Amino acid sequence: MDVLVATDLTPPSNTGSLDGLVVLDLTRILAGPTCTQLLGDLGAEVIKIERPVKGDDTRAWGPPFLQDEHGNDMQESAYYLCANRNKSSVAVDIATKEGVQIIKNLAKNADILVENFKVGDLEKRGLSYQDLKQVNPKLVYCSITGFGQTGPYAKRAGYDFLAQGMGGIMALTGFPEEEGGQPTKIGVGVTDVMCGMYAATAILAAIHSRQSTGNGQHIDISLLDSQVAWLINQGTSYLTSGDVPGRIGNSHPTIVPYQTFNASDKPFIIAVGNDGQFERLCQIAGAPELASDARFKHNFDRVRNRKELIPLLKELTPQMTSEEWISKLEDVGVPCGPVNTMDEVFENPQIQHRGMKLEMEYPSAKEGHVNLISNPIKLSGTPVQYRKAPPKLGADTLETLLQHTKLNPEEIENLAKQGILDLGGD
């Protein structure tokens, strides 16, 4: 399998798009870490603040865990590994006044702070935007929460699953009841991921604004708002028509045929986008008469008459294997494809060519490296960087505090003895 190896392809230092920016990362789980990993991939220095001893919650969210040379589970779960590369881990107890002061000292020299505490938690500690604005007026401070800083739900804890349910995507996902379906969450924490991406976009907009104003600002972004935003065409269809859309399985609400069909061996996808493609599909299927049938001639006809058309197509697709269908349809320019399992995804030649599997050095791991998913962004002048594998808890506490604060080694060691800092180590 072709693998992107970080040590071979990481560009020289100081070439990242966000080189020179310092991010103070007070997030955990997925939305916040996704945001800060993206900023780190683009060249920013990311200082990940974690609790001593326990660290980010997701370090324990396994199995699977990374394994050491003896085959024993390490403290890094696959979940943690997915969103924490290109970061330094600094373990500080911010429940103490000394820990709060360390965060304030780090914030003095930071460009960006990202946090996902419940509304009011950091204000109680003296680490709100208003507090840190006094320390650093240029600070871009991004708060990620379940429901936002305002409104009747503001103080509630929020998770991806809750946002998927409340935000409408589960009502659109899954097969209808008459086909045995029920509201279904998406198989990954996509609301978290999209919220993190919206947050990264907002942060970069605020950094650009700072260039002309000289001032930072507060960004308020929530899982629920993000989920509603990416209802996209389905949400807008409801706002336009007043009709509440339901679950239609793998079908498309306004394009037909655009769904999975069963071949003789397994399901595959047909994604007809226009009338010409539909005509060619019918030719390959040995049913050219369907393309001239007044019920199916144009897409709007096929949408209105999908209940008549789809059963006819489902009778035809088992006549060939999925591979045969895909080969024949690709030859005539009809969009189609397989429904890949996870192993098939990373064995796919296009995905391999694009380097979407990343190998980063990790000396304490069994294989000496860790396998990750690459960043999909391809920049010609300032390519994505893979500088650091996801860090061990507290691995960078000493070095980072020496670089970014006025603490000396003796003071840092004393704070570690009190449990305020964690200096790492297995």
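Is Val53 buried or exposed? I looked this up at the start: Val53 counts as exposed, because its relative accessibility is 70% (buried means under 20% relative accessible area, exposed over 50%, partly exposed in between, with a 1.4 Å probe and protein chains only).

**Entry: basis of the values**

I note that this is a predicted model, in which local features need pLDDT of at least 70 and side-chain atom pairs count only at pLDDT 80 or more, while totals for chains, interfaces and linings use all residues. Residues are numbered from 1 along each chain as its sequence is written, and side-chain values use heavy atoms, with hydrogens and water left out.

**Entry: positive phi**

I returned to Val53 and found its phi near 75°, a positive value in a residue other than glycine. Val53 is placed in the loop between strand 3 and strand 4 (helices, H or I, of at least four residues, and strands, E, of at least two, are DSSP runs numbered from the N terminus). I then turned to Ile29, a residue other than glycine whose phi is positive, near 70°. Ile29 sits in the loop between strand 2 (22-26) and helix 2 (31-41). With 16% relative accessibility, Ile29 counts as buried.

**Entry: Thr27**

I next examined Thr27, which lies in the loop between strand 2 and helix 2. Thr27 counts as buried, because its relative accessibility is 2%. A polar contact of 2.5 Å links its side chain to that of Asp25 (a pair of N or O atoms within 3.5 Å; within protein, one must be able to donate a hydrogen and the other to accept it, and residues adjacent in sequence count only if both atoms are side-chain atoms). Leaving aside residues up to four places away in sequence, I listed what Thr27 touches: Gly32, Pro33, Thr36, Lys48, Asp56, Val114, Glu115 and Asn116 (contact means heavy atoms within 4.5 Å).

**Entry: the open sheet**

I traced an open sheet of seven strands, with mixed pairing and the order 9-8-7-2-3-6-15 (two strands pair if DSSP finds at least two bridges between them). Its edge strands are strand 9 (218-222) and strand 15 (421-422), each of which pairs on one side only. Strand 8 (residues 140-145) runs parallel to strand 9, and five bridges join them. I checked one position here: Ile144 has Ile221 in strand 9 as its bridge partner. As a general note, strands of a sheet pair through backbone hydrogen bonds, either parallel or antiparallel.

**Entry: strands 10 to 12**

How many residues lie between strand 10 and strand 11 in their hairpin? I found four residues between them. Strand 10 (residues 258-262) and strand 11 (residues 267-271) run antiparallel and are joined by five bridges. Phe261 has Phe268 in strand 11 as its bridge partner. Strand 11 is also joined to strand 12 (residues 336-338) by three bridges, and these two run antiparallel. Here I found Ile270 opposite Cys336 in strand 12.

**Entry: cis peptide bonds**

I recorded a cis peptide bond from Val256 to Pro257, with omega near -5°. Pro257 is in the loop between helix 10 (232-241) and strand 10. The peptide bond from Pro63 to Pro64 is also cis, with omega near 5°. Pro64 is in the loop between strand 3 (45-50) and strand 4 (65-67).

**Entry: aromatic pairs**

I found four aromatic pairs in the structure (rings of Phe, Tyr and Trp, the last by its six-membered ring, pair if their centres lie within 6.5 Å; planes under 30 degrees apart count as stacked, over 60 as edge-to-face and the rest as tilted). The rings of Tyr129 and Tyr141 have centres 5.8 Å apart and planes at 65°, so I entered the pair as edge-to-face. Tyr129 belongs to helix 6 (residues 129-135) and Tyr141 to strand 8, so this pair ties together parts 12 residues apart in sequence. Tyr129 is buried, with a relative accessible area of 10%, and Tyr141 is buried, at 1%. I also noted the edge-to-face pair of Phe147 and Tyr153, with 5.7 Å centre to centre and 85° between the planes. Phe147 counts as buried at 10% relative accessibility, whereas Tyr153 is partly exposed, with a relative accessible area of 34%.

**Entry: charges over rings**

I located Arg28 over the face of Phe117, at 4.5 Å from the ring centre (NZ of Lys or CZ of Arg must be within 6 Å of the ring centre and within 35 degrees of the ring normal). Arg302 lies over the face of Phe278, at 4.4 Å from the ring centre.
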